[in-house]
Every structure is written in C-alpha cells, then in structure tokens.
Amino acid sequence: MGRRLQFNIFRHNPLDPASTPHMQPFIMEELPNMTLFIALNKLREEQDPGLQFEFCCRAAICGACAMVINGKPGLACRTKTVDLPEEINLLPLPFFKLVGDLTVDTGTWFRDMAKRVRSWVHTDKDFDPKAQEERMDNALADEIYELDRCVECGCCVAACGTALMRPDFLGAVALNRVARFMIDPRDQRTDCDYFSVIGSDEGIFGCMGLLGCEDVCPKQIPLQDQLGMIRRKLALAAAKNFLPRFMRS
Ligand code: SF4
Ligand code: SF4
Ligand code: FES
C-alpha cells in the first residue's frame, strides 16, 4: 500500500465573480512511479472533473505543466511524488495571467517577449532557395542548440525577484534567447544593436544576479553563464559608444 498523500491545490476561476481564491485539500494513495502529472489526472478523473491544469507532452518538452510545487516552480510531468513529502502544495505560476486553478497564460507573454527581443536571425543576405546550406562548425552548432533547448515553461520568470517586482522585466528566458542570437554567426546584429534591445533595467541591467532562474530551470540551461556574458558585452559596448561622447562634451 502506497503513502497517503494530501494535495492542497489552489482553486480560483477569475471569470466567475462568485469564485474566491482558496486552497482545496484532496487525499490520494500514492502509486509506484507516480508523477504529479499522473496524480493530477487521477484527481480530475476520480474526484473533481472541474480541476484545471495544463499539459500536452508528458515528457518535459512542451513546458505547459509548469506550476509551483511546494514553493518552487517546476514541471508536473517531471516531478515524482516519491521525491516530495506526503503533503504537497500546488499553486499556479505567479507573474503570468491566471486562467483558472493551476493554469496560467504563458503564451501571450512569450509571444510579446519574442517581439520585444526581436527573436529571429537578422541578416541582409537575400535568400537563395537553390544555394547550399551554409556550413557551421559542429561545436558552435552544439553551443547554439544548448541555449535553444528552452521549452518556454516560464519557471525562470516565476522564480525571478526582479520580474515579480516589475512586470516589464524581460527575464532570464529572454536574455538567454538574445544570447543564442549573439553567438549565431548568421545574425549580423552588433553589440550596440543588442544594447538597444536589452541594455536597460527592463533587460540585463535590471537583473540582480541572484540566479533563482538557473536553480529552477527544468532543462538545466546555463543561464548564469549567459547573463554574465551579456552583462560584460553590453557594458563594454556602452563604454565604447558613450564614453567618447562624454569625453567630448
Ligand atoms: S539572476 Fe536575474 S534573471 Fe535570474 S532570477 Fe535573478 S534577477 Fe531574475
Ligand atoms: S530558460 Fe529554463 S526555466 Fe526558463 S522558460 Fe526556458 S526552460 Fe523554462
Ligand atoms: S506536459 Fe509538457 S512539459 Fe510537462
């Protein structure tokens, strides 16, 4: 017989004026190899068909099932109940708009973020569909791929003290996205171009460097290295660009 688990789950429907945010307890027997994803589906099937939570892939690929698990953002499909105590508190990610219970709207924020950081390869070259693909060194392709593994779950933003204080902060996920283009030789933007996109308190200079983001990233993306690299590059770009003007005035 498995452990007797108590789930305390945040419940609220923001569209229903009669709904008030509260925690609802559920009791369930633990099964072998049970993930939170399995537990939540079982709860919905057997105890409350109205329980809202998001999922798609069950394999840490879509990023949809992120929630706050006993105080820490993480993926429900990747978290085993055996690694948690018998009492499990589940809340929706903060920062994002609440849809209902454990479901938040990360999509709108991520679309807006991609526009704000101009998240595509910028090049003046004309596209020639008949030309051979440009070669890229394997090591560099791996380096870019390492940063491209982000599943847009939002955990890093939900764990970020700056993002919780200022909603316009772009967060580690956006800065990691920029870092990905900075090392891509096909992107012709200069450090000054990147400065105009993230060289502000909404971007890299708002980051307090406490690295809650890297601690919770379920894909173990090396966010600390990217934040450090961007800070150094953009500080240098600012010094090169603005100091001469300051000296002349
Ligand atoms: S290091 Fe920067 S981006 Fe990461 S959690 Fe801290 S303030 Fe947010
Ligand atoms: S950087 Fe990590 S925590 Fe942040 S959205 Fe991407 S996968 Fe999630
Ligand atoms: S269901 Fe896709 S990441 Fe968890």
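## Starting with two strands

How many bridges join strand β1 to strand β5, and do the two run parallel or antiparallel? There are 4 bridges between β1 (residues 4-11) and β5 (residues 87-91), and the two strands run parallel. Within this pairing, N8 of the chain stands opposite N89 in β5. Keep in mind as you look around that this is a predicted model.

## The sheet and its helix

Zoom out a little and you'll see an open sheet built from 5 strands, in the order β2-β1-β5-β3-β4, with mixed pairing. At the edges sit β2 (22-29) and β4, each of which pairs on one side only. The strands aren't lined up perfectly: on average, neighbours in this sheet are turned by 35° against each other, ignoring direction. As a bit of background, strands of a sheet pair through backbone hydrogen bonds, and they can do so parallel or antiparallel.

Now look for helix α1 (residues 36-46). This helix lies across β1, β2 and β3, and it runs at about 100° to β2.

## The β3-β4 hairpin

For an antiparallel pair, go to β3 and β4, which are joined by 4 bridges. One partnership to pick out here is M67 with G74, the latter in β4. The hairpin has 2 residues between its strands, and N70 takes a positive phi near 45° there.

## Two domains and where they touch

The protein chain splits into domain 1 (4-104) and domain 2 (117-248). Their C-alpha centres are 32 Å apart. Even so, the two do touch: 15 residues of domain 1 are in contact with 12 residues of domain 2.

The hairpin strands turn up again here, since β3 (66-69) and β4 (72-75) each supply at least two residues to the side of domain 1 that touches domain 2. The largest share of that side comes from β4, with 4 residues. Sorted by class, this side of domain 1 has 11 nonpolar, 2 polar and 2 charged residues.

## Around ligand 1

Which residues come nearest to ligand 1? Out of the 14 residues around it, the answer is C160, A172, C207, G212 and C213. Three helices give two or more residues each to this shell: α5 (161-165), α6 (171-182) and α8 (212-216).

And what classes of residue make up the shell around ligand 1? It has 9 nonpolar and 5 polar residues, with no charged ones.

How values were computed:
Residues are numbered from 1 along each chain as its sequence is written. Chains are lettered from A and ligands numbered from 1 in the order in which they are written. This is a predicted model: local features need pLDDT of at least 70, side-chain atom pairs count only at pLDDT 80 or more; totals for chains, interfaces and linings use all residues. Domain bounds come from an automatic or database domain assignment. Two residues are in contact if their C-beta atoms, placed from the backbone, lie within 7 Å. Ala, Val, Leu, Ile, Met, Phe, Trp, Tyr, Cys and Pro count as nonpolar, Asp, Glu, Lys and Arg as charged, and the others, Gly among them, as polar. Two strands pair if DSSP finds at least two bridges between them. A residue is near a molecule or strand if its C-beta atom, placed from the backbone, lies within 6 Å of it. Axes are lines fitted to C-alpha atoms, for helices over the stretch in contact, and angles run from 0 to 180 degrees between N-to-C directions.
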